[in-house]
Amino acid sequence: FAKNHSLFLFGPRGTGKSTLLKEKFHPETTAWFDLLDSKVFEQLSRSPGDLYAIVNALPMDISHVVIDEIQKIPQLLDEVHRMIEEKKKQFILTGSSARKLKRGGANLLAGRAFVYHLYALSCFELKDRFNLDEALHFGTLPKIFSCSSNEDKEAFLRAYAEVYLKEEIWDEHVVRQLAPFRRFLEVAAQCNGKIVNYANIAKDVGVDDKTVKEYFTILEDTLIGFFLEPHHNSFRKRLSEKPKFYFFDTGVARTLSRRLSVPLLPQTYAYGDAFEHFVILEFIRLASYFQPDFRFSYTRTPADVEIDLIVERPGKPLLCIEIKSSDTLDESDISSFKRLTKDIPGCEAVVLSQHRFVKQYDHVTCYPWQEGLREFFPAIK
């Protein structure tokens, strides 16, 4: 973080935003306003202008002001804007939802605050504590690693899903009826990583296509997931194809799909899907931290040959990635990918798998998946 500059820190609930800030900003020089505290919320929601007077009364040695879950009271941003101009203090604003900020036309400080994002833990942050099978099954939210048993992990994830529904959706009056949205969450999670078919999902949920599109927008706005758009050279074409949707954490996706108690077994489709999901999440996280100008997409041919992840890197060749969960790999396993990428001029073609060694087949380089991530994110320590 740039400690001499105000900032937004966005991230889903439970990713450790508050914990991180408490480690980075010393309590003796930081004032903290937690909008999840009902008393603080009640006071400032009733009179947002009070924030100015309260900050005005802070001692000079208080250099930073943290406002946790700023989306709860977007009107506070007007006061923050005024104080950034007038006061010699930096403001740190966290949020687990951009919905009210976007919908309400909130003052986003016009570049006066840097914007950062926090995600579930990367395998590189976990280091020796990382276990791939555990990550695929339970995800990597920080709280998971304080649970002493698999039963506790499952209980935490189910509670997480209920808290999301209650506090982000129902209490904020995001939807008029919770039951259809709850059904939608299950269907959307079961379709995680698949091309979105709005009509089929609408039929399964019992709502219309327009409502399903709005529900997906809610998931995006509350940072619970993201779209992966199809790749085309033309941006207009990019918008004309159907995207995929991914939830932000493998454990949360399995929980919402009601598959948390089903074992994930290697060499099954479910395991392959979970591994692909996890590797794509790692790319998204690491790019946000180290290479924010990277842009991600996928492609599928009319013959259903797919490139799992395409990365546009400014000043570098297009990166085409095939993700394989197997710990064995030979040339026949990547024949379709090799043919398809050969027709993409100048691209860098890469396979990431659980095989132990780097291999080269013509223009395709095959990496052990973690080694491949280090190759494209050399800033990883």
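Two strands are said to pair when DSSP finds at least two bridges between them, and with that in mind I would like to walk you through this structure, which is a predicted model.

Let me begin with a sheet of five strands, which is open, pairs in the parallel sense, and has the order β2-β3-β4-β1-β5. At the edges stand β2, residues 30-34, and β5, residues 114-117, and each has a single partner strand, so one side of each is left without a neighbour in the sheet. If we ignore direction, neighbouring strands here are turned against each other by 15° on average. One pair you can follow on the screen is β1, residues 7-10, with β5, a parallel pairing over four bridges, in which Leu7 stands opposite Phe114 of β5. Across β1, β3 (64-68) and β4 (90-95) lies helix α4, residues 76-86, which runs at about 155° to β4.

Now to the other open sheet I want to show, which has six strands in the order β8-β9-β10-β11-β13-β12, and whose pairing is mixed. Its edge strands are β8 (295-300) and β12 (359-361), each of which pairs on one side only, and the average turn between neighbouring strands in this sheet, again with direction ignored, is 25°. Within it, β11 (residues 348-353) and β13 (residues 364-368) are joined in the parallel sense over five bridges, and Val351 has Cys366 in β13 as its bridge partner. Helix α14, residues 269-290, packs on this sheet and touches β8, β9 (306-312), β10 (319-323) and β11, while its direction makes about 145° with that of β10.

Staying with α14 for a moment, please find Val279, which is located in that helix. Is Val279 buried or exposed? Its relative accessible area is 0%, and since buried means under 20%, Val279 counts as buried. Leaving aside residues up to four places away in sequence, Val279 touches Ile323, Leu352 and Trp369.

Trp369 also leads us to Phe130, because contacts of Phe130 beyond four places in sequence are with Cys123, Ala135, Phe278, Trp369 and Gln370. Phe130 sits in the loop between α6 (123-126) and α7 (132-138), and although this is a loop position, Phe130 is buried, with a relative accessible area of 15%. From C-alpha to C-alpha, Phe130 is 15 Å from Lys381 in space, while the two are 251 residues apart in sequence.

Next, the interior. As a general point, nonpolar side chains in soluble globular proteins tend to be buried together. In this model the largest nonpolar core has 40 residues, and those with the most contacts inside it are Phe181, Phe184, Phe216, Leu219 and Phe247. At least two residues of this core come from each of α8 (150-170), α9 (178-190), α10 (198-205), α11 (209-221), β7 and α13 (250-256). There is also a second, separate core of 39 residues, which includes Phe124, Leu309, Val350 and Trp369.

Which residues does Leu219 touch, if we do not count those up to four places away in sequence? They are Tyr164, Phe181, Phe184, Leu185, Ile224, Gly225, Phe245 and Phe247.

Two helix pairs show how this region is put together. The axes of α9 and α11 come within 11 Å and cross at roughly 75°, which makes α9 roughly perpendicular to α11. In this contact, Pro180, Phe181, Phe184, Leu185 and Ala188 of α9 meet Val212, Tyr215, Phe216, Ile218 and Leu219 of α11, and by class that is 10 nonpolar residues, with no polar and no charged ones. In the other pair, α10 and α11 pack at an angle of about 100° with their axes 8 Å apart, and they are therefore roughly perpendicular to each other as well. Here Tyr198, Ala199, Ile201 and Ala202 of α10 meet Asp209, Val212, Lys213 and Phe216 of α11, so that the classes, by definition of charged and nonpolar residues, come to six nonpolar, no polar and two charged.

I will finish with strand β7, residues 244-247, which is joined to β6 (residues 225-228) by four bridges, the two strands running antiparallel. Leu228 stands opposite Lys244 in β7. In a regular strand, side chains alternate between the two faces of the sheet. In β7 both faces are covered, since Lys244 and Tyr246 on one side, and Phe245 and Phe247 on the other, are all buried.

Conventions: Residues are numbered from 1 along each chain as its sequence is written. This is a predicted model: local features need pLDDT of at least 70, side-chain atom pairs count only at pLDDT 80 or more; totals for chains, interfaces and linings use all residues. Side-chain values use heavy atoms; hydrogens and water are left out. Buried means under 20% relative accessible area, exposed over 50%, partly exposed in between (1.4 Å probe, protein chains only). A nonpolar core is a set of buried Ala, Val, Leu, Ile, Met, Phe, Trp, Tyr and Cys residues joined through side-chain atoms within 4.5 Å. Contact means heavy atoms within 4.5 Å. Axes are lines fitted to C-alpha atoms, for helices over the stretch in contact, and angles run from 0 to 180 degrees between N-to-C directions. Angles under 35 degrees count as roughly parallel, over 145 as roughly antiparallel, 65 to 115 as roughly perpendicular and the rest as oblique.
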